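Student: Got a minute to go through this fold with me? I'd like to start with the overall layout and then pick at some details.

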Amino acid sequence: MPPTPLYQRVMVRNVPCWKDVAGNLYYYESNTMPTEENRIQIGSEVDGIYPDWTQRLEPLLVAYRASQKARARAPAKN
């Protein structure tokens, strides 16, 4: 029998999250399961999504914005 995965993808109020066996909810960034080093807890099964979830994700948002570069656009068609 295959081992039980560490995380399960769940939807909480239409928000995708990773849930561990303890019922903690983590930020879902991709289909790649989080690791101990990169997971960000945003709630729990008991409490739901934490009110401070935006502060918990702020470092990711800052890094994403800093990585964005302006790019040339095609001219508009008449």
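**Sheet, helix and core**

Tutor: Sure. This is a predicted model. Five strands make an open sheet, ordered 1-2-3-4-5, and they pair antiparallel.

Student: Which strands stand at the edges?

Tutor: Strand 1 (7-12) and strand 5 (48-49). Each has a single partner strand, so one side of each has no neighbour in the sheet.

Student: And what packs on the sheet?

Tutor: Helix 1, residues 53-67, which touches strand 3, strand 4 and strand 5. Its direction makes about 155 degrees with that of strand 4.

Student: How many residues does helix 1 have, and how far does it reach?

Tutor: It has 15 residues and spans 22 Å from first C-alpha to last, close to the 21 Å expected at 1.5 Å a residue.

Student: Where does helix 1 bend?

Tutor: At P59, by about 40 degrees.

Student: Back to the sheet. How many bridges are there between strand 3 and strand 4?

Tutor: Three, in the antiparallel sense, with strand 3 covering residues 24-27 and strand 4 covering residues 41-44. In one of the pairs, L25 has G43 in strand 4 as its bridge partner.

Student: What about strand 4 and strand 5, how many bridges join them?

Tutor: Two, and these strands also run antiparallel. The connection from strand 4 to strand 5 is a hairpin through three residues.

Student: Let's zoom in on S44. Which strand is it in?

Tutor: S44 belongs to strand 4, and it stands opposite G48 in strand 5.

Student: Is S44 buried or exposed?

Tutor: Buried: its relative accessible area is 8%, and the cut-off for buried is under 20%.

Student: What does S44 touch?

Tutor: Leaving out residues up to four places away in sequence, S44 touches G23, N24, L25 and Y50. G23 is 21 residues from S44 along the chain, yet their C-alpha atoms are separated by 5.7 Å.

Student: New topic: which residues make up the largest nonpolar core?

Tutor: Seven residues: V10, V12, C17, L25, I40, I42 and L57. L25 is the residue bridged to G43, and it is also among the contacts of S44.

Student: And V12, what is it in contact with?

Tutor: Setting aside its neighbours within four places in sequence, V12 is in contact with C17, L25 and I49. C17 and L25 are both listed in that largest nonpolar core.

Terms used: Residues are numbered from 1 along each chain as its sequence is written. This is a predicted model: local features need pLDDT of at least 70, side-chain atom pairs count only at pLDDT 80 or more; totals for chains, interfaces and linings use all residues. Side-chain values use heavy atoms; hydrogens and water are left out. A nonpolar core is a set of buried Ala, Val, Leu, Ile, Met, Phe, Trp, Tyr and Cys residues joined through side-chain atoms within 4.5 Å. Buried means under 20% relative accessible area, exposed over 50%, partly exposed in between (1.4 Å probe, protein chains only). Contact means heavy atoms within 4.5 Å. Two strands pair if DSSP finds at least two bridges between them. Helices (H or I, at least four residues) and strands (E, at least two) are DSSP runs, numbered from the N terminus. Axes are lines fitted to C-alpha atoms, for helices over the stretch in contact, and angles run from 0 to 180 degrees between N-to-C directions. The expected span of a helix is 1.5 Å times one less than its number of residues. The bend at a residue is the angle between axes fitted to the seven residues ending there and the seven starting there.
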